[in-house]
Amino acid sequence: MTTLAHYLNNHASDPALSDVITTITDVGKTISQLLRKGALADILGEAGNQNVQGEDQKKLDVLANDLLLDALSKNAHCAGVASEELDNATPANADGSLLVLFDPLDGSSNIDINMAVGTIFSILPYQRQGQNSENSDFLQAGNQQLAAGYLLYGTSTMLALTVADNVVMFSLDPDSGDYILINDNVQIDADTSEYAVNSSNYRYWLAPMQQYIDELIAGEVGVRGRDFNTRWVAAMVGDVHRILCRGGLFTYPFDTKYAHKAGKLRLMYEANPMSLLIERAGGGATDAVNRILDIEPTDIHQRVPVVLGSKNEVNYVRDLHLQHADK
Ligand code: AFP
């Protein structure tokens with residue numbers, strides 16, 4: 001059996017990176033245990049305040065955020081932390097070489113109905129040793145990430161991780177507390193007949209996205225010539241995990257529902273880490289047209305439309321958008 005520690009020793013280029021990933025995944029064990037207790041741990045329900053996104057925070061949102069923030073602030077290699085739940089980035093150790101961004105509990109609206117939630121993390125280089133990190137230090141394109149991954153607190157707790165050219169998966173053994181390697185080279189099929197989208201936003205989408213989903217619904221009697229299936233976990237981490245396991249397309253498109261939001265998902269700590277995983281597993285990840293990992297960020301909380309998964313399907317969506325642009 002290969003444990004996470006063993007894998008990192010042999011595959012992570014930098015001991016500092018291994019150490020920070022270990023800190024994150026250790027906190028993941030605590031979050032997993034809290035979720036297993038559920039209502040019995042008095043962790044369900046609203047925390048009674050809102051985050052920078054204007055979203056009601058769940059008790060576990062705040063708890064998961066605080067656990068990660070506390071642990072990473074004590075890690076000498078971590079120069080700063082940015083979180084979905086914090087207005088601004090938090091400086092940590094000025095001599096650290098790494099910056100960590102995370103969504104501490106993605107899909108938190110699933111907590112109270114006992115459905116899958118997860119922790120998404122992204123690790124970037126820090127270049128200004130000796131000085132306190134600031135928001136601007138985090139504004140690096142996703143193609144600069146040194147590592148990315150997620151913890152999925154589902155029927156079992158699993159870790160998906162990329163520190164090199166491939167994607168690996170571990171399962172947490174609740175008895176030993178070890179993350180055990182279960183897939184050392186995750187690959188996504190280029191084609192799929194399964195898609196994930198919240199179709200209730202259909203009327204807010206742009207025409208090419210409406211056309212794309214119409215074609216999937218038309219199935220074998222339409223231009224695609226085959227039927228499609230749909231799944232929607234309402235937690236990006238769950239939908240991305242399914243795609244890493246069996247292919248598929250996930251999209252949270254640009255919508256006109258809220259003028260100031262490009263879509264719902266955040267670039268820095270949702271779209272970028274998930275896009276790195278998907279691309280390194282052979283898939284594609286765009287904002288419908290452009291590669292997400294090439295987007296130069298302007299704000300740590302900026303949102304971005306997301307289309308990711310099986311490469312040929314992601315390219316099909318892109319081509320539809322380009323055809324509409326040419327009209
Ligand atoms: P919450 O963390 O507020 O539950 O949002 C989860 C999420 O950011 C992402 O993980 C899901 O894919 C998406 O929102 C679900 O959005 P809808 O609730 O609009 O379907």
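Which backbone nitrogen does the side chain of E270 reach? In this predicted model, the side chain of E270 reaches the backbone nitrogen of R266, at 2.8 Å. The close-up views below begin with the surroundings of this residue.

**Figure 1. The annotated binding-site residues D103, D106 and E270.** An unreviewed UniProt entry assigns the feature "binding site" to D103, D106 and E270. These positions span 168 residues in sequence, yet no two of their C-alpha atoms are more than 8.5 Å apart, so they gather at one spot. D103, D106 and E270 also belong to the lining of the largest pocket.

**Figure 2. Environment of D106 in strand 5.** D106 is placed in strand 5, which comprises residues 98-106. Its relative accessible area is 6%, and D106 is therefore buried, the cut-off being under 20%. Leaving aside neighbours within four places in sequence, D106 is in contact with V117, G118 and I120, with A235, M236 and V237, and with E270. Among these partners, M236 and V237 are buried residues of helix 6.

**Figure 3. Environment of E270 in helix 7.** Helix 7 covers residues 267-280 and contains E270. With a relative accessibility of 1%, E270 counts as buried. When residues up to four places away in sequence are not counted, E270 touches E84, D103, D106, I120, M236 and L265. Two of the residues touched by E270, D103 and D106, carry the "binding site" feature in the UniProt record, as does E270 itself. I120 and M236 appear both among the contacts of D106 and among those of E270.

**Figure 4. The stacked aromatic pair of W232 and F250.** Five aromatic pairs occur in the structure. One of them joins W232 and F250 in a stacked arrangement, with 5.5 Å from centre to centre and 10° between the planes. The pair links distant parts of the chain, 18 residues apart: W232 lies in the loop between strand 12 (229-230) and helix 6 (236-246), and F250 lies in strand 13 (residues 249-252). W232 counts as partly exposed at 31% relative accessibility, whereas F250 counts as buried at 2%.

**Figure 5. The tilted pair of W232 and Y252, and the ring cluster.** W232 also pairs with Y252, and this pair is tilted: the centres are 6.1 Å apart and the planes meet at 45°. W232 is in the loop between strand 12 and helix 6 and Y252 is in strand 13, so the pair ties together parts that are 20 residues apart in sequence. Y252 is buried, its relative accessible area being 12%. Through ring pairs, W232, F250 and Y252 are linked into a cluster.

**Figure 6. Burial of helix 6 and the residue G247.** Helix 6 is mostly covered, with nine of its eleven residues buried. The buried residues are M236, V237, G238, D239, V240, H241, R242, I243 and L244. Just after helix 6, G247 adopts a positive phi of about 80°.

**Figure 7. Charged side-chain ends over the rings of Y316 and Y258.** The charged end of R224 sits over the ring of Y316, at 4.0 Å from the ring centre. At the ring of Y258, the charged end of K261 sits over the ring, 4.6 Å from its centre.

Key
Residues are numbered from 1 along each chain as its sequence is written. This is a predicted model: local features need pLDDT of at least 70, side-chain atom pairs count only at pLDDT 80 or more; totals for chains, interfaces and linings use all residues. Side-chain values use heavy atoms; hydrogens and water are left out. UniProt positions are given in the numbering used here, feature names are shortened, and annotations may be inferred rather than shown by experiment. On a 1 Å grid over the protein atoms alone, a cavity is a set of points where a 1.4 Å probe fits but cannot get out, and a pocket is an open set with protein on both sides within 12 Å along at least five of seven lines; lining residues have an atom within 4 Å of a point. Helices (H or I, at least four residues) and strands (E, at least two) are DSSP runs, numbered from the N terminus. Buried means under 20% relative accessible area, exposed over 50%, partly exposed in between (1.4 Å probe, protein chains only). Contact means heavy atoms within 4.5 Å. A polar contact is a pair of N or O atoms within 3.5 Å; within protein, one must be able to donate a hydrogen and the other to accept it, and residues adjacent in sequence count only if both atoms are side-chain atoms. Rings of Phe, Tyr and Trp (its six-membered ring) pair if their centres lie within 6.5 Å; planes under 30 degrees apart count as stacked, over 60 as edge-to-face and the rest as tilted. A charge sits over a ring if NZ of Lys or CZ of Arg is within 6 Å of the ring centre and within 35 degrees of the ring normal.
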